[in-house]
Amino acid sequence: MEVMKNLFKNNVRQYGMIVALILITVLFQVLSDGILLKPLNVTNILQQYGFILILAIGMVMVIITGHIDLSVGSIAAFVGAVSAIMMVEHDMSYPLAIVLSLVIGALIGAWQGFWVAYMKIPSFIVTLAGMLLFRGLTMVILEGKSIAPFPKEFQKMSSGFLPDIDGSSSIHILTIIIGVFLSIVTVVQEFRDRRTQRKYEFEVLPFPWFIAKLVGIVAVINLFTYVLAKYKGIPFILIILFVLVIVYSFVMKRTVMGRHTYALGGNEKAAKLSGVKTKRVTFWVFVNMGALAALSGLIYAARLNAATPKAGLNFELDAIAAVFIGGASASGGIGTVIGAIIGGLVMAVMNNGMSLIGLGIDWQQGIKGLVLLLAVGFDIYNKNKSA
């Protein structure tokens, strides 16, 4: 029992948000008379909020370093506008346009990272300036109008689905197979991690609880893929998100860059004394954020099938809220990619659920604000309690 208590205490943010996500999902499933978890609506949630989840992955790295980025929504809008000019007005091939758009996003991130890392201007000021600058540039290059339509292949980035191996079936067979495969991989990895933890004498869950955890994870994976399979299968946006989560989780947990990012956010002076090139880490974190903001802008433009001057409004607020709700600390040094995704899903389910039950946008904004305040307050409470 003591082991369980210690493990929960050490992972209170992660477990707390998972429980919150489950409870919110159940609540809105009941209040919406079962509409929330219908296959079509689940797919809509993924496609409507996928670009926010992508932003959250980059934002959690920025916040872990102790900084913030208020410009991501404007960068997304600007890159979406530039991509439209390249593809729609100049007939550029969409793969080349996507690559150039990502490079533009990375260069914008490098521009902001330079001022933050090397000129020591607070990130709040630099990215606030970036928010105004790139919002203005978006309006200038679009001349106040929308540009559409995008090529069909480009639109599939946001609205396309993985093709099935058997088009005649009423259920997406490939999605079911992928669910089973992911279940097997997850079980193998969990056993491997448990063996490693025991080898280094870390605390592990008692075996019955460990098995219960595995059963729960496998059940969620297969239920989720079954729901998707009942509509059109796995949307491309989910594949993009899955790849990003795997890559960035690996980077943050298993690489030097990840360890240096956490060290910088935990204590910059100590990190510098330990040999961490803090300026370089900060610079590359902002470059990465710019590239992910560009990707988010491309996916949003593909979903709208148009580049508009108003694109990206409040994206930065939703991404920042997702990161803090997912357990990141406002003072830096704490946060995970998975936590940011869970926080983003909490926001997505809340937004969708409140819309389904007919709550107005005014109430939605107020409730989201309260949830964010409670999440940060919970973080501060835990920090003061453990001090």
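1. Where does P149 sit, in a helix or in a loop? P149 is in a loop, the one that runs between helix 6 (123-142) and helix 7 (152-159). What I'd look at there is the bond just before it: A148 and P149 are joined by a cis peptide bond, with omega at about -5 degrees. Bear in mind throughout that this is a predicted model.

2. As general background, most peptide bonds are trans, and most residues other than glycine have a negative phi. On the phi side, D91 goes against that habit: its phi is positive, about 55 degrees, and it is not a glycine. D91 belongs to the loop between helix 4 and helix 5. With a relative accessible area of 66%, D91 is exposed.

3. N314 is another one to check by eye. Its phi is near 65 degrees, again a positive value in a residue other than glycine. You'll find N314 in the loop that links helix 13 to helix 14. At a relative accessible area of 41%, N314 counts as partly exposed.

4. On to helix 14, residues 315-325, which is mostly covered, with ten of its eleven residues buried. The buried set includes F315, A319, I320, V323 and F324, and E316 and D318 are on that list too. After the helix comes G327, which has a positive phi near 105 degrees.

5. Now the core. The largest nonpolar core has 71 residues, and the members touching the most others are I54, I57, M59, F154, M157, L292 and V323. Another core lies apart from it; that one has 17 residues, L36, A321, V349 and M350 among them. Helix 14 has buried residues on both lists: V323 is one of the best-connected members of the largest core, while A321 is in the 17-residue core.

6. Take I54 from that list. It is located in helix 3, and its relative accessible area is 0%, so it is buried. Beyond four places in sequence, I54 touches I237, I240, L241, L244, L292, L295, S296 and I299. L292 turns up here as a contact of I54, and L292 is itself among the core members with the most contacts to other members. For scale along the chain, the C-alpha atoms of I54 and N41 are 20 Å apart, with their positions 13 residues apart in sequence.

7. F154 is the other hub I'd click on. Leaving out residues up to four places away in sequence, F154 touches M87, Y94, I98, L298, A301 and A302. Two of those names come back below: M87 is on the helix 4 side of the contact with helix 5, and Y94 is on the helix 5 side.

8. How do helix 4 and helix 5 pack, in terms of angle and axis distance? The angle is about 145 degrees, and the axes are 10 Å apart. Their crossing is right-handed. From helix 4, residues I75, F78, V79, V82, S83, M86 and M87 take part, and they meet Y94, A97, L100, S101, I104, G105, I108 and Q112 of helix 5. By class that contact has eleven nonpolar and four polar residues, with no charged ones.

9. Helix 4 also packs on helix 13, at an angle of about 60 degrees and with the axes 7 Å apart. The two helices are therefore oblique to each other, and the crossing is right-handed here as well. V72, I75, A76, V79, G80 and S83 of helix 4 meet M289, G290, A293, A294, G297, L298 and A301 of helix 13. This contact has nine nonpolar residues, four polar ones and no charged ones. I75, V79 and S83 are named here on the helix 4 side, and they are also named in the contact with helix 5.

10. A294, in helix 13 (residues 278-304), ties these packings together on screen. A294 counts as buried because its relative accessibility is 0%. Its contacts beyond four places in sequence are V79, S101, L102 and G105. The C-alpha atoms of A294 and G73 are 9.4 Å apart, although the two residues are 221 apart along the chain.

11. Last, T65, in the loop between helix 3 (39-64) and helix 4 (72-89). Buried or exposed? T65 counts as buried, since its relative accessibility is 7%. Outside its own neighbours within four places, T65 is in contact with T261, L264, G265 and V285.

Key. Residues numbered from 1 in each chain as written. Predicted model: local features only at pLDDT ≥ 70, side-chain atom pairs only at ≥ 80, totals over all residues. Heavy atoms only, no water. Core = buried A, V, L, I, M, F, W, Y, C linked by side-chain atoms within 4.5 Å. Buried < 20%, exposed > 50% of the residue type's maximum accessible area, 1.4 Å probe, protein only. Contact = heavy atoms within 4.5 Å. Helix = DSSP H or I, 4+ residues; strand = E, 2+ residues; numbered from the N terminus. Axes fitted to C-alpha atoms, helices over the stretch in contact; angles between N-to-C directions. Left-handed = near helix turned anticlockwise from the far one by under 90°. Nonpolar A, V, L, I, M, F, W, Y, C, P; charged D, E, K, R; others polar. Parallel < 35°, antiparallel > 145°, perpendicular 65-115°, else oblique.
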